[in-house]
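Colleague: I should like a close look at one sheet of this model, strand by strand. Please then set it beside the other parts that can be described with the same care.

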Amino acid sequence: MQHYLNYFDGQWRDASRQLAVINPATDKVFATVAQASIEDADAAMAAARRCVNSGALTDVRPAQRTAWLLKAAEAIREITEEGALILCRENGKNLQTAREEFDEAARYFEYYAGMADKIEGISVPLGKDYIDFTQYIPMGISVQIVPWNFPVSICARSLAPALAAGNAVVIKSPEVSPLGMVLLIKAIEKAGFPQGAVNLLCGKGSEVGTHLVTHQETNQIVFTGSVPTGQRILKDAAARATPSVMELGGKSAAIAFADVNLEQLLQSVKVGIFYNSGQVCSAMSRLLVQRSRYEEVKAAVVNLAESLTIGIGESNAELTPVVSKDQQQQILTMIEKARQEGANILTGGKAADLDGYFVLPTIIEATANMSIAQEEVFGPVQVIIPFEDEDEAVAIANGTDFGLVAGVFGENLNQTLRVANRLIAGQVFINEWFAGGIETPFGGVGLSGFGREKGQEAIYSYVQTRNIGIRLQHHA
Ligand code: NAD
């Protein structure tokens, strides 16, 4: 059975303990990964600190970082097929989605390569007696904690801008689905970053994760994951007032007005809630439909859910197993709770009659305050709710504690824009769910978190501002 290692201080290293990696399509262990210890975490932090102190990342011209990042992107593209297959096996996701993760990872490195030499400060006018300017300097050591749903692309999303800005990075991969990230880091190793600039540890969140978060050498925490873990990390981070970026969950709503183009909406529903079997923080987990089209849209969405191909990741089916037995149980429990609260399960609502951790594509008619319409499910489960007018649609869409993304669908651009302006979310899509890209800033408000990833803006999540004020001496 293949065994995978951790990477720190420029070397691949084993550990005395191992974590088993299970294929969600077969329920069988197919690989193991070294489980990092507290000592490993300390060694990774020490290596990152040596790298920061050496100036190896920051004494060079920024164009050198551009060159490293571009080499990393090239190396990532070379291992896409091999990486995608492993990611698909450990995660359950379909092969095409797994390939897209590696492609996106390479794009992050290319994109931030282009920014490494453009992190420019400003000059502040203070009158004739002063010169004043700002510098954007790296945070130092960026500790990055990654979830299992898109481990490769999310890892690259934070790692690339952090390196572009000149930080050393210590990454903690998730206990479930850590192998794709091992391949990612193997590729990045080929780029020749200075020793200690990139470190990867797979370990338990409650042990190595907590240790990294509370470590005295940690200068920044970048966390992507669930709300309860984010809240716990924020409490831990408070002890040292460590700056944090929090990319948390969502319960994002699409609003479909009466003039919606049904075909366009259905394409968006398909990717919005069934891509990656719904295990997407920005999933379209609520669909709000104007009353006059409600029955028609409802029937079409149910039909879509029932028409999806279901199978294991390697078969490239449209719906594949969810990541773990726990995740499957959690989803089914939430559906059962919805049933007890009186929600109407229109289709799905149970495990598929197949080996592996499948949950059938599920559409649930609910009211806005039911738990299934308020809490993140993180599976192929969409809630559908009718509304009368703009005000009601906005009230329902904004009526959760989350605020990650939202969407508006309709032909009337005035109406879609008017409504977009009222939505409380970090990103609003009009007429295409996921209309953004790696170039567009992404992040939440409310319980969805704070700080931004992606786009030019994200580079400023990885720097701190230093202002230099100079008093001029004048000749008498
Ligand atoms: P999770 O919170 O269970 O785990 C995320 C990571 O945190 C894992 O690496 C885990 O080991 C680690 N961790 C757990 N406890 C920790 C602790 N006390 N200290 C430090 N680290 C700890 O999340 P998950 O189940 O892996 O991912 C699913 C969640 O992630 C969903 O809620 C989803 O919405 C969210 N998510 C958000 C985004 C975004 O960009 N906003 C993207 C993807 C996923």
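Modeller: A definition is needed at the outset: two strands are said to pair if DSSP finds at least two bridges between them. The model is a predicted one.

The sheet I have chosen is open and consists of 3 strands in the order β1-β5-β4, with mixed pairing. Its edges are formed by β1 (2-4) and β4 (17-23), each of which has a single partner strand, so one side of each is left without a neighbour in the sheet. On average, neighbouring strands of this sheet are turned by 30° against each other, direction ignored.

The mixed character becomes clear when each pair is taken in turn. Strand β1 and strand β5 (residues 28-35) run parallel and are joined by 3 bridges; within this pair, Q2 has A31 of β5 as its bridge partner. Helix α3 (residues 80-91) packs on this sheet and touches β1, β4 and β5, while its direction makes about 90° with that of β4. The other pair, β4 and β5, runs antiparallel and is held by 7 bridges. In this pair N23 stands opposite K28 in β5. The two strands form a hairpin with 4 residues between them, and D27 in that turn has a positive phi of about 70°. Such a value deserves notice because most residues other than glycine have a negative phi.

Positive phi values also occur elsewhere in the model. N276, which is not a glycine, has a positive phi of about 55°. This residue lies in the loop between α9 (262-274) and β13, and N276 is buried, with a relative accessible area of 5%. N316, likewise not a glycine, has a positive phi of about 60°. Its place is the loop between α10 and α11, where N316 is partly exposed, having a relative accessible area of 34%.

Those two loops adjoin elements of another sheet, to which I now turn. This sheet is also open, with 7 strands in the order β14-β15-β16-β13-β12-β17-β18 and mixed pairing. Its edge strands are β14 (344-347) and β18 (427-430), each pairing on one side only. Here neighbouring strands are turned by 25° against each other on average, direction ignored. One of its pairs is that of β12 (residues 253-256) and β17 (residues 405-409), which run parallel and are joined by 4 bridges; A254 has G407 in β17 as its bridge partner.

Two helices pack on this sheet. Helix α10 (residues 291-307) touches β13 (286-290), β14, β15 (362-365) and β16 (381-387), and its direction makes about 145° with that of β13. Helix α11 (residues 325-340) touches β14, β15 and β16, and makes about 25° with the direction of β15.

Helix α11 also appears in the account of empty space. The largest pocket has a volume of about 1100 Å³. It is lined by 43 residues, of which W148, F223, G225, S226 and T229 lie nearest its centre. Two or more lining residues each come from α7 (205-214), β10 (220-224), α8 (227-238) and α11, and the largest share, 6 residues, belongs to α8.

Enclosed space is a separate matter: there are 3 cavities of 30 Å³ or more. The largest cavity has a volume of about 80 Å³. It is lined by 15 residues, and R286, A397, G403, V405 and I424 are the closest to its centre.

One annotated residue remains. The unreviewed UniProt entry gives "active site" for E247, an annotation that may be inferred rather than shown by experiment. E247 is found in strand β11 (residues 244-247). With a relative accessible area of 2%, E247 counts as buried, because its value falls under 20%. Leaving aside neighbours within four places in sequence, its contacts are R157, F223, T224, G225, F442, G443, G444, S448, G451, R452 and E453. Among these contacts of E247 are F223 and G225, which are also named among the residues nearest the centre of the largest pocket.

Definitions and conventions:
Residues are numbered from 1 along each chain as its sequence is written. This is a predicted model: local features need pLDDT of at least 70, side-chain atom pairs count only at pLDDT 80 or more; totals for chains, interfaces and linings use all residues. Side-chain values use heavy atoms; hydrogens and water are left out. Buried means under 20% relative accessible area, exposed over 50%, partly exposed in between (1.4 Å probe, protein chains only). Contact means heavy atoms within 4.5 Å. Axes are lines fitted to C-alpha atoms, for helices over the stretch in contact, and angles run from 0 to 180 degrees between N-to-C directions. On a 1 Å grid over the protein atoms alone, a cavity is a set of points where a 1.4 Å probe fits but cannot get out, and a pocket is an open set with protein on both sides within 12 Å along at least five of seven lines; lining residues have an atom within 4 Å of a point. Grid points are joined across faces, edges and corners, and a volume is the space filled by probe spheres set on the points.
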